[in-house]
Amino acid sequence: MEELVVEVRGSNGAYYKGFIKDIHDDSLTIAFENNWQPERQVPFSDVRMPPPADAKKEIGEGEEVEILSRANEQEPCGWWLAKVRMMKGDFYVIEYAACDATYNEIVTFERLRPVNTNKAISKNSFHKCSVPVPQDLQEACQSENAHKDFKKAVGACRISYCPETSQLVIVSTNETTVKRVSLLSDMHLRSLRTKLLLMSRNQEATKHLESSRQLVSSFQEEFMVKPDLMGLAIGSHGSNIQQARKVPGVTAIELDEETGTFRIYGETTEAVKKARNYLEFLEDSVQVPRNHVGKVIGKNGKVIQEIVDKSGVVRVRIEGDNDNKQPRQEGMVPFTFVGTKESIGNVQVLLEYHISYLNEVEQLRLERMQIDEQLRQVTQGHRPTDRDRGERGGGGGYNTDGSSNASSTSLHASRSYNGRGRGRRGHNYSTGYGTNSEQSNASETDSERRDELSDWSLAAEDQDR
């Protein structure tokens with residue numbers, strides 16, 4: 001897992017590479033490179049961020065620089081303040097600022113960099129939140145790879161599991177990460193649980209395959225608002241504009257109704273951005289693989305309902321096969337969402353994460369089918385004894401999930417689902433499961449998860465054997 005790198009000031013004034021492990025009220029827990037010092041708490045005033053990796057590296061004679069050097073052989077190299085006294089070819093004569101002016105050194109360009117201008121970090125430099133982990137997922141959450149997609153989706157710098165508190169600790173330099181964690185955390189834990197169940201079933205099937213091979217070892221194997229969205233942006237009796245004007249720091253809001261252009265004036269960038277979030281409505285599409293459409297909608301529309309509720313979009317329309325309003329990629333079905341820019345961003349994060357999860361589940365399903373196919377080939381020609389038949393028992397083959405059938409059929413007409421309380425409803429919009437309500441149902445209950453896993457039951461032997 002990628003670490004959050006900082007530079008820590010030592011007692012000699014040099015800065016050494018360190019990694020943030022935890023954040024406290026006035027300090028950070030830091031681990032040092034190659035454990036040359038034990039992990040310890042360091043005050044904010046002694047920690048700074050490293051310079052950008054793509055910073056220009058232009059150094060001239062007489063300039064202050066930082067040189068990568070060490071005081072003795074027992075410690076690693078750190079960045080020391082120095083001054084360039086002379087340049088000749090690829091070599092530089094530098095004078096250490098912390099030493100006697102008579103102590104000079106000749107170094108190459110690779111060991112020098114411009115002075116790091118980053119100030120010491122503060123409590124507001126990082127944002128930290130935590131997610132409680134259920135007991136049955138605590139062991140799985142200790143794995144770094146278990147949170148790879150979740151970390152990318154929320155934009156975190158570091159995600160780690162704390163055994164003492166049984167929580168996932170998320171650290172980021174972006175405040176948006178905290179909001180996205182609240183959006184995705186429960187979905188992340190559910191997906192972890194489902195994947196664990198599927199992997200456990202696969203492991204059982206693999207063991208069964210190996211034992212069968214032993215039995216029959218001689219056999220072979222194998223922001224301008226569109227006119228049609230202006231009503232939503234203005235709101236009922238201008239409610240959205242009034243709400244935007246009440247934002248502290250907003251001084252004026254102008255609207256050119258002919259072009260649909262809003263102009264917002266304020267005292268701070270934060271105030272203007274906050275007011276814009278109330279007014280900027282747009283329409284955007286997300287391409288969903290056709291074979292996942294049923295799963296994205298969910299049983300009785302529970303999954304799409306949860307996505308609508310969590311993201312805050314006003315409505316979603318699923319384009320039919322004969323609807324050419326939105327560009328369509330081959331093998332994809334456009335899901336068109338209407339909402340504020342922030343809610344559209346939220347729905348994209350939720351859908352991308354859910355589709356990524358569905359792809360993983362499908363891959364696990366295919367692996368299981370391959371295992372069963374190998375099992376049938378290994379046992380082909382072997383006549384089981386009465387005891388074998390009794391142990392294996394009867395059983396059916398693979399069942400097809402109802403939502404999968406829904407996704408495999410043609411979408412001849414588009415379907416629309418509206419959000420509650422966010423604009424006017426036309427006669428073309430239903431009040432079904434695509435509405436945006438604050439109380440969303442869980443997208444997967446225990447019984448639905450069992451339905452999803454029912455396809456993974458072991459296939460029985462043919463009846464005529």
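A salt bridge is a side-chain nitrogen of Lys or Arg within 4 Å of a carboxyl oxygen of Asp or Glu. Keep that in mind for the close-ups below, which come from a predicted model.

**Figure 1. E66 and R113 pair up in a salt bridge.** Here the closest N and O atoms are 2.8 Å apart, which puts the pair inside the 4 Å cut-off. E66 sits in strand β6 (residues 64–69), while R113 belongs to strand β10 (residues 112–114), so this pair ties together parts that are 47 residues apart in sequence. Both partners are tucked away: E66 is buried, and so is R113.

**Figure 2. R48 and E7 make another salt bridge.** This time the N to O distance is 2.9 Å. R48 lies in strand β5 (residues 47–48) and E7 in strand β1 (residues 5–9), so the link joins parts that are 41 residues apart in sequence. Are these two side chains buried or exposed? R48 has a relative accessible area of 5% and E7 comes in at 6%, so each one counts as buried because the limit for that label is under 20%.

**Figure 3. The two pairs join up.** Put E7, R48, E66 and R113 in one frame and you're looking at a network of salt bridges. For a sense of the wider picture, a search of the whole structure turns up 19 salt bridges.

**Figure 4. R70 and E73 meet further out.** Their side chains form a salt bridge with an N to O distance of 3.9 Å, still within the 4 Å cut-off. R70 is partly exposed, at 37% relative accessibility. E73 has a relative accessibility of 66%, so E73 counts as exposed.

**Figure 5. The largest pocket has a lining rich in charge.** About 550 Å³ of space lies in this pocket. Which residues are closest to its centre? Of the 13 lining residues, those are T176, K179, K273, N277 and E342. Three helices, α3 (176–215), α6 (269–279) and α9 (341–379), each supply at least two residues of the lining. Sorted by class, the lining has 8 charged residues, 4 polar ones and 1 nonpolar one.

**Figure 6. The second largest pocket brings back some residues from the earlier views.** Its volume is about 450 Å³, and 23 residues line it. Nearest its centre are E7, P50, P51, W79 and R113; E7 and R113 are also part of the salt-bridge network. Strands β1, β2 (15–23), β7 (78–88) and β10 each give at least two residues to the lining. Which of them gives the most? That's β2, with 3 residues. By class, this lining counts 13 nonpolar, 3 polar and 7 charged residues.

**Figure 7. Some stretches call for a careful eye.** Across the protein the average pLDDT is 78, and 76% of the residues score at least 70. Over residues 420–435, though, pLDDT stays under 50, and the model has 40 contacts beyond four places in sequence for this stretch. Residues 452–465 are also below 50, with 41 contacts beyond near neighbours in sequence. Where pLDDT is low, the predicted coordinates should not be read in detail.

How values were computed. Residues are numbered from 1 along each chain as its sequence is written. This is a predicted model: local features need pLDDT of at least 70, side-chain atom pairs count only at pLDDT 80 or more; totals for chains, interfaces and linings use all residues. Side-chain values use heavy atoms; hydrogens and water are left out. Helices (H or I, at least four residues) and strands (E, at least two) are DSSP runs, numbered from the N terminus. Buried means under 20% relative accessible area, exposed over 50%, partly exposed in between (1.4 Å probe, protein chains only). pLDDT is the predictor's confidence in each residue, from 0 to 100. Contact means heavy atoms within 4.5 Å. On a 1 Å grid over the protein atoms alone, a cavity is a set of points where a 1.4 Å probe fits but cannot get out, and a pocket is an open set with protein on both sides within 12 Å along at least five of seven lines; lining residues have an atom within 4 Å of a point. Grid points are joined across faces, edges and corners, and a volume is the space filled by probe spheres set on the points. Ala, Val, Leu, Ile, Met, Phe, Trp, Tyr, Cys and Pro count as nonpolar, Asp, Glu, Lys and Arg as charged, and the others, Gly among them, as polar.
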